[in-house]
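Please look through the sequence and the model shown here, and then read the report below, which treats a few cysteines and helices in turn.

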Amino acid sequence: MKWRKMADHVQGLAQLEILCKQLYETTDTAVRHQAEKALVEFTNSPDCLSKCQLLLERGSSSYSQLLAATCLSKLVSRTSNPLPLEQRIDIRNYVLNYLATRPKLAAFVTQALIQLYARITKLGWFDCQKDDYVFRNVIADVTRFLQDSVEHCIIGVTILSQLTNEINQADTTHPLTKHRKIASSFRDSSLFDIFTLSCNLLKQASGKNLNLNDESQHGLLMQLLKLSYNCLNFDFIGTSTDESSDDLCTVQIPTSWRSAFLDSSTLQLFFNLYHSIPPSLSPLVLSCLVQIASVRRSLFNNAERAKFLSHLVDGVKRILANPQCLPDPNNYHEFCRLLARLKSNYQLGELVKVENYPEVIRLIANFTVTSLQHWEFAPNSVHYLLSLWQRLAASVPYVKATEPHLLETYTPEVTKAYITSRLESVHVILRDGLEDPLDDAGLVQQQLDQLSTIGRCEYEKTCALLVQLFDQAAQSYQELLQSTNSSAADIAVQEGRLTWLVYIIGAVIGGRVSFASTDEQDAMDGELVCRVLQLMNLTDSRLAQAGNERLELAMLSFFEQFRKIYIGDQVQKSSKLYRRLSEVLGLNDETMVLSVFIGKIITNLKYWGQCEPITSKTLQLLNDLSLGYSSVRKLVKLSAVQFMLNNHTSEHFSFLGVNNQSNLSDMRCRTTFYTALGRLLMVDLGEDEDQFEQFMLPLTAAFEAVAQMLSTNTFNEQEAKRTLVGLVRDLRGIAFAFNAKTSFMMLFDWIYPAYMPILQRAIELWYHDPACTTPVLKLMAELVHNRSQRLQFDVSSPNGILLFRETSKMITTYGNRILTLGEVPKDQVYGVKLKGVSVCFAMLKAVLSGNYVNFGVFRLYGDDALDNALQTFIKLLLSIPHSDLLDYPKLSQSFYSLLEVLTQDHMNFIASLEPHVVMYILSSISEGLTALDTMVCTGCCSSLDHIVTYLFKQLSRSTKKRPTPMATDDRFLHIMQQHPEMIQQMLSTVLNIIIFEDCRNQWSMSRPLLGLILLNEKYFADLRNSIVNSQPPEKQQAMHLCFENLMEGIERNLLTKNRDRFTQNLSVFRREVNDSMKNSTYGVNSNDMMS
């Protein structure tokens, strides 16, 4: 399109400039809001394009140029009604000329225009004009910038950098398959040239006498390094790992790039740059080196890899020998990452063969020790250093090389530095009021996991050090406690030191690897355990006066590790550890050690009932103990456990009280407590109903109290809620633990029919308060869950049907009331509404698939319980936008698993729904097919398979001239015939995923595909032809043959035998297609119809 002259719109231009100023400069939110509204209207107006050009040509402020650039970006990105090709080429050329003639624009305008260029280029990557891919000559576009001034050079390099970044990032508006197709083609056609160009420019820049005081040269160097980094950080094979999985990174450099890495000058270039440029830029150099060090191993043969590693280690040695830049936190962080990559990508056997290995490992050990001693500097980087040593220590048993690895010398130094530096930090943190690292449980746990492996290397030294430090700290602590004039600060320091030591002892015990452990090491563990248990006796004896929360949490962490290693069915009872415990503390066997655990658990629940972190971790420990087959039987014999089973009331366990002021959600730990108690009770319960009644007395009393309150008009609502929420959380714990028929039936008879009305009443009264309804709904969902076939009612019992009636009533009551809330703000919608809806879906799924109700009887006897539940499900479903179904993982899992059951067993109900509901359900399946969660995707495949099979059967019947089917069946067929595009869309999606994506659940995908093909044979033929034609000419015959083989021997029916043959054909088909496309120079080249 020719850009039209619009001189008469100068008036409108001035208006737009004022709006831009208001949008970006005003502090008055109302004015900004108005401006935003007006500018949104401008973006959607038909003459937006021509006005954007006027703004760029004549606009007097940078803000109006920014507006024009962002509007144009939106225009070229839109998927509906896209701009024609000529227009996009015009815009691209215009932007390049604009940038070339105005190198001094405001930085944010240049950035927005470059972003616009990158967006146009990415989205038009496959656009042809006269057999020429018009948007692919990016290097030619940029060359004229690189031959001009430094400002132009910076723009040129930034264009390439931004483009590489843009193509590497998937956006949400276009399908992932299309993104991968563009990225693969860009990788194969342009990326290596761009990387080579950036390395050559860096060589030129570093060869010249760089004047780094010159702002522009500094800027150019920075953009060049960013460009190199973006090239190395490209997602070469579409794994798109997230940033958090940093340690596992391997850079999948294509084989065609080998030359750049076999030539050591690339590696040298970056090491030389590090030493010659200012510290502010060197983090970028190190980031590039981290990527280069992570190049996949298979790029080299053994000799090449050894040579590459040798250069890499030399470079690292040079940095360690001249550490001037490392005090900068960013440099330090990137350098720690570089060190970690030395071991994540190379084996210890390869490292020890490097020429300077002894010198380098000494330098790395010294660097690590110094870093650990300066614990306050860059605490987030320590993780990388510890991960290096953890991997080195773990490799020691396997290294075959004859060269010495020297780790037995240096690893104990690292262990010692970590332990002593943590202890020394305590005093400083308390003195200066700094943030205590112990409060960051995640970070501490991560470091301790690493230390557990490092400390096990040369374990005798680790233990000797821990024993010495522990004895010193414990003795000082005891003396301070006995002295009358000791200050609280001194006591706090010793408690802090002991806290670290208890955590570390727990970690090194948890690091015991069964096959590599010796009796001597077990005896050393015994020394450590004895000391912690003695300290525990001392601190427990003082709990009535004072306690230290952090120290208690450390004790629980220690008990958890001790339980994992030394308690349970797999442990050798003759372990030297038990001998040491017996000598020192008189604990002769596992039962006596378990009684120490239970004693500690009861003490904590007694004294720390109001401290949520300690209570929940203590109960988690009890829960873990109750899971072991042999340990649970030993526990039940202990008098302390019998005491718990007979006295689980708030007077003994304060956290069960209802009058404390804590949140309703803090009662979650009660479920854990009762799950453990339920397991302990079940060991000897058998069919003893009296014992069960006795155990349930406190809960019976609580239910009676709630019933009493609800029967009067004036009751204390808060107290009623608290009692009820506590009660249903307790019951859910018991119901979860009772997974045998006899015990579960006792619970069922206890709760139904006596107390069910109270739960229903609570839902009616407090439906708008999720803190109250969610626990009630979750209890109901647990009660109807046929776990381990526990809900098998006798043949003469109507309980299955009665239980379903109660479920239906609760879902209907909750559903109809929650829908009266109207619009709920976006940030509260999950908590207030969707969470409860999700539990209702899960409840309905559990009861429909529980196999203890015959659902045919409801319609037969005119009972509307089933209809009510299903209709409520539809009402709730229609009140949820599609995006929410997939945005909230718990909601999507419960919805899609319910849908699977409905399409399997209640297809007549689905077929009878209104057209708009059917379309809603089908489009939710269509979106779910591409979900990242495999469970959701598999559920969708299964639902789709049931629907397609149903349709196929209906069609077969209607052609066989059987008696006329029910009107509803006709109606469903009619809907599907009116909207064939829905099923066709799903056919193309499934085929697309199987051919072009990393399909993790191929079997599930294959099941609906055959039905989809048989229902749409003509569409499938068109799809097949377009895929074949999109291949390079020499590949088309092979692709055609793949499709022929796919349908080889397949009949026109959906019998199991036929389906199985199709599934087998499909896996062969997928393998052949992938092989064919791997060898293709075009990369993954599906057609646009597929995307």
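Cysteine 772 counts as buried because its relative accessible area is 1%, where buried means under 20% relative accessible area with a 1.4 Å probe and protein chains only. This is a predicted model, in which local features need pLDDT of at least 70, side-chain atom pairs count only at pLDDT 80 or more, and totals for chains, interfaces and linings use all residues. Residues are numbered from 1 along each chain as its sequence is written, and side-chain values use heavy atoms, with hydrogens and water left out.

A search of the whole structure finds 0 disulfides, a disulfide being a pair of cysteine sulfur atoms within 2.5 Å. Two cysteines are set out here.

| Cysteine | Nearest cysteine sulfur | Relative accessibility |
|---|---|---|
| Cysteine 153 | cysteine 199, 16 Å | 11% |
| Cysteine 772 | cysteine 840, 14 Å | 1% |

Cys772 is among the buried residues of helix α35, helices being DSSP runs of H or I with at least four residues, numbered from the N terminus. Of the 14 residues of α35, 11 are buried, and what covers them includes α32 (717-737), α33 (741-751) and α36 (799-818). The end C-alpha atoms of α35 (residues 770-783) are 19 Å apart, which agrees with the 20 Å expected at 1.5 Å a residue, taken as 1.5 Å times one less than the number of residues.

Helix α32 also packs against α31 (residues 689-711), with their axes 10 Å apart and at an angle of about 145 degrees; axes are lines fitted to C-alpha atoms over the stretch in contact, and angles run from 0 to 180 degrees between N-to-C directions.

How values were computed
Helices (H or I, at least four residues) and strands (E, at least two) are DSSP runs, numbered from the N terminus. Buried means under 20% relative accessible area, exposed over 50%, partly exposed in between (1.4 Å probe, protein chains only). Contact means heavy atoms within 4.5 Å.
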